[in-house]
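Reader: I would like to work through one model slowly and learn how its features are to be read. Could you take each idea in turn and then show me the case at hand?

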Amino acid sequence: MARRPLIAGNWKMNMDRLSSVELAEALVAKAPKASDSGPEILICPPLVYLDVVEKAVRNTGVALGAQNVYHEDKGAFTGEVSTAMLRDVGCDYVILGHSERRNILGETNEVVNRKLHAVLRAGLSPILCVGELLEQRQAGQTQDVIRSQFEGSFAGVTAEQMMGVVIAYEPVWAIGTGQVATPEQAEEVHADLRKLIASRYNAEVAEAVRIQYGGSVKPDNAATLLAQPNIDGALVGNASLVADSFQAIIAAA
């Protein structure tokens, strides 16, 4: 089964209104039309700029996603945002369980799992992140950490639901550090993830699920990473904030 690569830009807590719109428009100007073959392109601006960026990418080859969501549909949850609100402003995707939310903001597998089920109920597409810390890799615990995050984060997800999920492998030690997993290191974890999916579900589901790599992806390393058989795109941080560098990663796919 051919898996269409997904190149996603996670803008994190960067940009302002004007620069967000300018970056989105620059990407749209060079992006293939939505009906064309090639990689799927996604940008995930800060929450407060989703609405203005949506206007810039509407009916183009660039999809819109959010960086986070809350698991409840509505209510007295100050500062949170619901899946319905994200749909209302035109989001197609939601990033869940990013390592910065797990390791800085304390999100557990259980929290990520509740958010995942809310996203699936709403008909949005989740990008669920997993990845190990540097000390865990050095201790030879990568496989155990990934398995634990996979099992906890995907609890209760059916085979049909799993077919529409994107997983992003992001080694925490490579995010924003300039370090990057070698293609061989990344491919090994991606292959292990696909085996976990096949073990829980079946080979058909495992072959359908897209698994992105994230962690200091740049134009000069994107091609070798994306050439690996189990790497189906990239979740890009800093390099997605500059139109030319993000476009170069798209071209590498």
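Author: What follows goes from the open and enclosed spaces to the cores, and then to single residues. This is a predicted model, in which local features need pLDDT of at least 70 and side-chain atom pairs count only at pLDDT 80 or more, while totals for chains, interfaces and linings use all residues. Residues are numbered from 1 along each chain as its sequence is written, and side-chain values use heavy atoms, with hydrogens and water left out.

Reader: How is empty space found, and what is the volume of the largest pocket?

Author: Rolling a probe the size of a water molecule over the atoms shows where empty space is left. On a 1 Å grid over the protein atoms alone, a cavity is a set of points where a 1.4 Å probe fits but cannot get out, whereas a pocket is an open set with protein on both sides within 12 Å along at least five of seven lines; lining residues have an atom within 4 Å of a point. Points are joined across faces, edges and corners, and a volume is the space filled by probe spheres set on them. Here the largest pocket has a volume of about 480 Å³. It is lined by 22 residues, and Lys-12, Met-13, Gln-67, Asn-68 and Arg-101 are the closest to its centre. The lining comprises 13 nonpolar, 5 polar and 4 charged residues, where Ala, Val, Leu, Ile, Met, Phe, Trp, Tyr, Cys and Pro count as nonpolar, Asp, Glu, Lys and Arg as charged, and the others, Gly among them, as polar.

Reader: Which residues lie nearest the centre of the second largest pocket?

Author: Those are Lys-12, Gly-176, Ser-216, Gly-237 and Asn-238, out of 17 lining residues. The second largest pocket holds about 180 Å³, and its lining has 5 nonpolar, 9 polar and 3 charged residues.

Reader: How many cavities of 30 Å³ or more does the structure hold, and which residues line the largest cavity?

Author: There is 1 cavity of 30 Å³ or more, and the volume of the largest cavity is about 30 Å³. Its lining is formed by Thr-142, Gln-143, Ile-146, Val-189, Asp-192 and Leu-196, with at least two residues supplied by each of helix 7 (142-153) and helix 9. Helices (H or I, at least four residues) and strands (E, at least two) are DSSP runs, numbered from the N terminus.

Reader: How should I read a nonpolar core, and which residues have the most contacts inside the largest one?

Author: In soluble globular proteins, nonpolar side chains tend to be buried together. A nonpolar core is a set of buried Ala, Val, Leu, Ile, Met, Phe, Trp, Tyr and Cys residues joined through side-chain atoms within 4.5 Å; buried means under 20% relative accessible area, exposed over 50%, and partly exposed in between (1.4 Å probe, protein chains only). In the largest core, which has 66 residues, Met-162, Ile-167, Leu-193 and Ile-197 have the most contacts. A second, separate core of 12 residues includes Cys-44, Ala-63, Cys-129 and Leu-235.

Reader: Where does Leu-96 lie, and what is it in contact with?

Author: Leu-96 belongs to strand 4 (residues 93-96) and is buried, at a relative accessible area of 0%. Contact means heavy atoms within 4.5 Å; apart from neighbours within four places in sequence, Leu-96 is in contact with Val-69, Val-112, Lys-115, Leu-116, Val-119, Pro-126, Ile-127, Leu-128 and Cys-129.

Reader: What does the side chain of Asn-10 reach?

Author: A polar contact is a pair of N or O atoms within 3.5 Å; within protein, one must be able to donate a hydrogen and the other to accept it, and residues adjacent in sequence count only if both atoms are side-chain atoms. Asn-10, in strand 1 (residues 6-10), is buried with a relative accessible area of 6%, and its side chain reaches the backbone nitrogen of Lys-12 at 3.2 Å.

Reader: Which sign does the phi of Lys-12 have, and is Lys-12 buried or exposed?

Author: Most residues other than glycine have a negative phi, and most peptide bonds are trans. Lys-12, although not a glycine, has a positive phi of about 50°; it is found in the loop between strand 1 and helix 1 and counts as buried at 19% relative accessibility. Asn-59 also is not a glycine and has a positive phi, of about 60°, but it lies in the loop between helix 2 (50-57) and strand 3 (62-66) and counts as exposed at 77% relative accessibility.
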